[in-house]
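Opening the notebook on this one. I want to go through the chains in turn and write down what I look up.

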Amino acid sequence: MHKIAVVGDKDSIYGFASLGLGIFPCDDGESASKTVKELAKNGYGVIYITEELFELIGDDVEHFRDMPLPAIIPIPGVKGNTGVGMRNVSVSVEKAVGSDIIS
Amino acid sequence: MNVNPTRMELTNLKRKLTTARRGHKLLKDKRDELMRRFLDMVRENKELRREVEKAILDSNKHIAVARSVMSGEALDVALLLPKQEVSLDVTSRNVMSVDIPVFDIKFRSDNEADAYSYGLAFTSGDLDTAVEELSVVFKKMIRLAEIEKSCQMMSAEIEKTRRRVNALEHVLIPQYIDTIKYITMKLDENERSTTTRLMKVKDMMMNQQIEMQKRAERLLNA
């Protein structure tokens, strides 16, 4: 049985606590990267992370892309949408097709 | 390719070439089918992501309003002791030899009111709205996680398959064809040289015989 985690700044993620998800407040890229790696080891199947932090730790979690678990999914934080989530989808398309044909 | 131009090598190579051609065709079919499914999935992924992002932004706005009318501690108290608990069941589905994950969520209690982990008396109404919005969008978020992961894994698989197809098509198969051609030419050449040698030998033997006959005739006449 797996668990679901939400990583991000406190203001963005407290709402998810009421749903029963594990919340892990992080403010900078370094601690976020550490947290995500820790969570991946401890049986979290899905890790939602705010887009701001996702951008900071992008390279550290790159190798999770090809693994079945965990799924690391960027979500918009309280400061708004940076568009990295959408770009992340485009990266998949680019990898598969060679260029982003769905925009 | 560095091989001996022998008949055995030729048969081996021909067999390898048919296998490579069949493999190439199969892999190409696999790539096309993967691509078709992948494109469908990516479209759904983008659509879903747009919806989820919008819903989360809305909910964040409501939380921001709630935060401004309530004290920080009160908000923390209200949210940080959830009644609800979610667990995730992960199974996998095989799509064209890619094991894509299937997520299934289970709530500890089915009562929807359990999403509110606080009494309604001391909290702002905006908090209720935010929590409600999040619990509605949560199912979509799970589907988003599932489909986004699937897209990532499928794109990796497509890349791999495409490389294999290209390697077969542009490297291995032409190499086999070239080598087969080389061996065939070499064997033909050998055969031709044998024929000429035989002709030459026959010619020499004929000359010898004629010489002998002539000598015999001369002896008889003398």
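Before anything on pairing: I take two strands as paired if DSSP finds at least two bridges between them. And a note to self that I'm working with a predicted model here.

**Entry 1: strand pairing in chain A**

I started with strand 3 of chain A. How many bridges does strand 3 share with strand 4 of chain A? I get five, and the two strands pair in the parallel sense. Strand 4 covers residues 71-75. For a specific pair, I looked up A:Val46, and its bridge partner in strand 4 is A:Ala71.

Then I followed the chain between these two strands. It leaves strand 3, passes through helix 3 (residues 51-57) and arrives at strand 4. I checked the hand of this β-α-β crossover, and it is right-handed.

Next I turned to strand 1 of chain A, residues 3-8. Strand 1 is also joined to strand 3, through five bridges, and the two run parallel. One pair I noted is A:Val7, which stands opposite A:Ile49 in strand 3. So much for partners; is strand 3 mostly covered or mostly open? Mostly covered: seven of its seven residues, 44-50, are buried.

**Entry 2: chain A as a whole**

I counted elements next. Chain A has four helices and four strands, and from the N terminus on they go β-α-β-α-β-α-β-α. Why do I call chain A as compact as a globular protein of its length? Because its radius of gyration is 14 Å, close to the 13 Å that the globule rule gives for 103 residues.

The box I get for the C-alpha atoms of chain A, along the principal axes, is roughly 40 × 30 × 25 Å. As for burial, 46% of the 103 residues count as buried. I also pulled the contacts in chain A with a separation of 6 or more, and residues 24 or more positions apart account for 59% of them.

**Entry 3: chain B as a whole**

Over to chain B, with the same list of lookups. I find three helices and two strands, in the order α-α-β-β-α from the N terminus.

What radius of gyration does chain B have? It comes out at 40 Å, where a compact globule of 222 residues would have one near 17 Å. The principal-axis box for the C-alpha atoms of chain B is roughly 150 × 30 × 25 Å.

Of the 222 residues in chain B, 26% count as buried. For contacts in chain B between residues at least 6 apart in sequence, I noted that 82% join residues at least 24 apart.

**Entry 4: two odd phi angles in chain B**

Last, the backbone. Most residues other than glycine have a negative phi, and I went looking for exceptions. Which loop holds B:Met96? It's the loop between strand 1 (86-95) and strand 2 (98-107) of chain B. The phi of B:Met96 is near 50°, positive in a residue other than glycine. I counted 18 other C-beta atoms within 10 Å of B:Met96, which is partly exposed.

B:Ser97 lies in the loop between strand 1 and strand 2 as well. Not a glycine either, B:Ser97 has a positive phi of about 65°. Is B:Ser97 buried or exposed? Exposed, with 9 C-beta neighbours inside 10 Å; the cut-off I use for exposed is 12 or fewer.

How values were computed: Residues are numbered from 1 along each chain as its sequence is written. Chains are lettered from A and ligands numbered from 1 in the order in which they are written. This is a predicted model: local features need pLDDT of at least 70, side-chain atom pairs count only at pLDDT 80 or more; totals for chains, interfaces and linings use all residues. A residue is buried if 20 or more other C-beta atoms lie within 10 Å of its own, exposed if 12 or fewer, and partly exposed in between; C-beta atoms are placed from the backbone. A crossover is right-handed if, with the strands pointing away from the viewer, the path from the first strand over the helix to the second runs clockwise. The radius of gyration is taken over C-alpha atoms; the globule rule is 2.2 Å times the number of residues to the power 0.38. Two residues are in contact if their C-beta atoms, placed from the backbone, lie within 7 Å.
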